[in-house]
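Reader: I am new to this structure and would like a close look at one part of it. Please take one sheet, say how its strands are arranged and what packs on it, and then set it beside the rest of the model.

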Amino acid sequence: MNDAAEAEAQSPRGRRWLLFIHQLPPKPDYLRVKTRRRLRRIGAALIKQTVYALPASDEAFEDLQWLRQEIEAEGGSAVIAEAEFVEGISDEELDAMLASQRAQGEGEETEKFVADRIKPGRTWVTRTGVHIDRIASAWLIRRFIDPQARFKFVAPRGYRQRSGELRFDMFEAEYTHVGEDCTFQTLVRRFALRDRALSAIGEIVHDIDCKDDRYHRPETAGVSSLIRGIAQAHDTDRARIERGTAVLDDLYQAFKKRRV
């Protein structure tokens with residue numbers, strides 16, 4: 001082993017970070033503010049103009065994927081990289097930066113859709129490792145859209161859609177994030193489900209999934225803890241959806257009785 005290789009082998013490895021490098025178009029003006037706020041709420045630290053960093057995790061990667069998709073839909077570009085810092089900035093400095101960069105609130109947007117119609121008994125496909133938006137969306141699909149729905153869980157990369165399948169909450173899906181809406185809210189709008197209880201649940205799902213604290217519902221923290229517990233206690237996606245369904249059934253009934 002040469003001296004350089006030996007020194008590298010002996011040096012402690014730094015932490016892994018996700019880097020988000022983006023370029024925004026000059027218009028629309030709001031996109032720059034929206035992107036900056038979203039990155040801060042995700043938990044990213046600005047380290048150099050349009051370069052942000054945050055600790056590497058599956059959840060953080062998913063958040064950045066959604067943001068990249070939104071930026072590219074507006075004509076911008078973004079790159080996500082995983083890296084280890086060796087000079088110029090330390091992990092401790094980044095931790096301090098993360099603690100100081102917080103933001104609150106975002107503007108509200110609405111979008112009108114013509115109600116979708118589907119043949120019942122379809123196969124609905126989503127990514128493995130379901131969490132709040134996919135669990136809630138699966139509940140919504142089976143309770144209000146397609147009672148005979150069959151669910152299929154696939155890897156987020158390399159999947160090829162089969163004829164007759166409907167995808168949700170995944171890249172290039174028929175039903176996914178649109179503008180500021182999470183997938184649950186997109187489904188509610190697309191299928192014209194005019195139900196105040198569903199709208200209330202959608203606000204909770206949105207704030208947990210998008211991390212932008214738009215709605216500030218008092219139930220959000222409790223639901224977030226329950227879903228986190230379900231995810232930690234159950235490895236399979238079907239078990240998570242089954243347990244989440246019981247929680248959402250009860251939450252829906254509570255909202256219906258309160259007539260939110």
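**The four-stranded sheet and its surroundings**

Author: In this predicted model, four strands make up an open sheet, and their order across it is β2-β3-β1-β4. The strands pair in the antiparallel sense. At the edges stand β2, residues 45-48, and β4, residues 77-83, and each of these pairs on one side only. On average, neighbouring strands of this sheet are turned by 30° against each other, with direction ignored.

One pairing in the sheet can be followed down to a residue. Strand β3 covers residues 51-55 and is joined to β2 over three bridges, in the antiparallel sense. A45 has A53 in β3 as its bridge partner.

A helix packs on this sheet: α3, residues 58-73. Helix α3 touches β1 (17-23), β3 and β4. The direction of α3 makes about 5° with that of β1.

The model also holds another open sheet, with three strands in the order β6-β5-β7 and parallel pairing. Its edges are β6 (150-154) and β7 (165-167); each has a single partner strand, so one side of each is left without a neighbour in the sheet. Here neighbouring strands are turned by 35° against each other on average, direction again ignored. Strand β5, residues 123-127, pairs with β7 in the parallel sense over three bridges. The bridge partner of T123 in β7 is E165.

Next comes a pair of helices. Helix α7 (residues 196-210) packs with helix α9 (residues 237-258) at an angle of about 125°, and their axes are 9 Å apart. Because angles that are neither roughly parallel, roughly antiparallel nor roughly perpendicular count as oblique, α7 is oblique to α9. The crossing of α7 past α9 is right-handed. On the α7 side, A197, L198, A200, I201 and I204 take part, and they meet L248, L251, Y252, F255 and K256 in α9. Sorted by class, this contact has nine nonpolar residues, no polar ones and one charged residue.

Last, the confidence of the prediction. The protein chain has a mean pLDDT of 86, and 87% of its residues reach 70 or more. Over residues 1-11 the pLDDT is below 50, and this stretch has three contacts in the model beyond near neighbours in sequence. Residues 107-114 also have pLDDT below 50; that stretch has 13 contacts beyond near neighbours in sequence. Predicted coordinates should not be read in detail where pLDDT is low.

Methods:
Residues numbered from 1 in each chain as written. Predicted model: local features only at pLDDT ≥ 70, side-chain atom pairs only at ≥ 80, totals over all residues. Heavy atoms only, no water. pLDDT = per-residue confidence, 0-100. Contact = heavy atoms within 4.5 Å. Pairing = 2+ DSSP bridges. Helix = DSSP H or I, 4+ residues; strand = E, 2+ residues; numbered from the N terminus. Axes fitted to C-alpha atoms, helices over the stretch in contact; angles between N-to-C directions. Parallel < 35°, antiparallel > 145°, perpendicular 65-115°, else oblique. Left-handed = near helix turned anticlockwise from the far one by under 90°. Nonpolar A, V, L, I, M, F, W, Y, C, P; charged D, E, K, R; others polar.
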